[in-house]
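This report covers a single protein chain. Confidence and fold come before the individual helices and side chains.

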Amino acid sequence: MKETILEQEILLLKGLARNDKKSTEEIYKQHYNLIQALVVNNNGTADDARDIFQEAMVVLFEKARSGTFELNCQIKTYLYSVAKRLWLKKLQQQSRFTEEWNDSGNLVKVEEDLEVHEQKDQEYDLMHHSIQHLGEPCKSLLEAFYFKKKSMQEIAENFGYTNAENAKTQKYKCLMRLKKIFFSQYKK
């Protein structure tokens, strides 16, 4: 039995939420050209289009992963709306915005989604900045545990701690230092 367009889109979103490669590729295949045309026809380049499409996909991915997202339009419409807002913002930041806007798509309200995405981006940048200011050995220890997925035993051996418990205690102290740096900047 043939699936309806809505059922297909729901399956694609569920696949995207699971980080399924085929679903992600299908969304790219179906919708990339539309976003590329939007950007290129409005003072952008092919590279700009790739960046904007990727950012729009991240917004869609985060919404799909949230578990509370209900798509009340086609994926195409949602991605177009997000991409248009992102591109307009980028043009305004670069002072390349013109009043002439070549628009061929329907829009949905995505301001809240973009605000959440932008807030997360700012927090991520702030965390990255905080990690850079953490200093050694804390920076390397936290990177080994959280990014390289090393065990406490491996960290103890690599960093010269007598056992995994001492490494765990040091990791906790480093996290508290990172938290202090992060929140001192976050309040600003």
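## Terms and basis

A residue is called buried at under 20% relative accessible area, exposed at over 50%, and partly exposed in between (1.4 Å probe, protein chains only). Helices (H or I, at least four residues) and strands (E, at least two) are DSSP runs numbered from the N terminus.

The model is predicted: local features need pLDDT of at least 70, side-chain atom pairs count only at pLDDT 80 or more, and totals for chains, interfaces and linings use all residues. Residues are numbered from 1 along each chain as its sequence is written, and side-chain values use heavy atoms, with hydrogens and water left out.

## Confidence and fold

The predictor's confidence in each residue, pLDDT, runs from 0 to 100. Its mean over the protein chain is 81, and 84% of the residues reach 70 or more. Among the elements, helix α7 (residues 152–159) has the highest mean, 90, and helix α5 (residues 111–132) the lowest, 72. Where pLDDT is low, the predicted coordinates should not be read in detail.

The protein chain has eight helices and zero strands. Of its 188 residues, 35% count as buried. Taking a contact as heavy atoms within 4.5 Å, residues 24 or more positions apart account for 63% of the contacts with a separation of 6 or more.

## Helix α2

The expected span of a helix is 1.5 Å times one less than its number of residues. For the 20 residues of α2 (residues 21–40) this gives 28 Å, and the end C-alpha atoms are 27 Å apart, which agrees. α2 nevertheless bends by about 50° at H31, the bend being the angle between axes fitted to the seven residues ending there and the seven starting there. H31 is also one of the buried residues of α2, as are S23, T24, I27, Y32, I35, L38 and V39.

## Aromatic rings

Rings of Phe, Tyr and Trp (its six-membered ring) pair if their centres lie within 6.5 Å; planes under 30 degrees apart count as stacked, over 60 as edge-to-face and the rest as tilted. By this rule there are five aromatic pairs. F145 and Y146 form an edge-to-face pair, at 4.8 Å centre to centre and 85° between the planes. F145 is partly exposed at 24% relative accessibility, and Y146 is partly exposed at 35%. Elsewhere, ring pairs link Y28, Y32 and F53 into a cluster.

A charge sits over a ring if NZ of Lys or CZ of Arg is within 6 Å of the ring centre and within 35 degrees of the ring normal. K171 lies over the face of F145, 4.3 Å from the ring centre.

## C174

C174 belongs to helix α8 (residues 164–186) and is buried, with a relative accessible area of 0%. Not counting residues up to four places away in sequence, C174 touches L134, C138 and L142. C174 and P137 are 37 residues apart in sequence and 8.6 Å apart in space, C-alpha to C-alpha.
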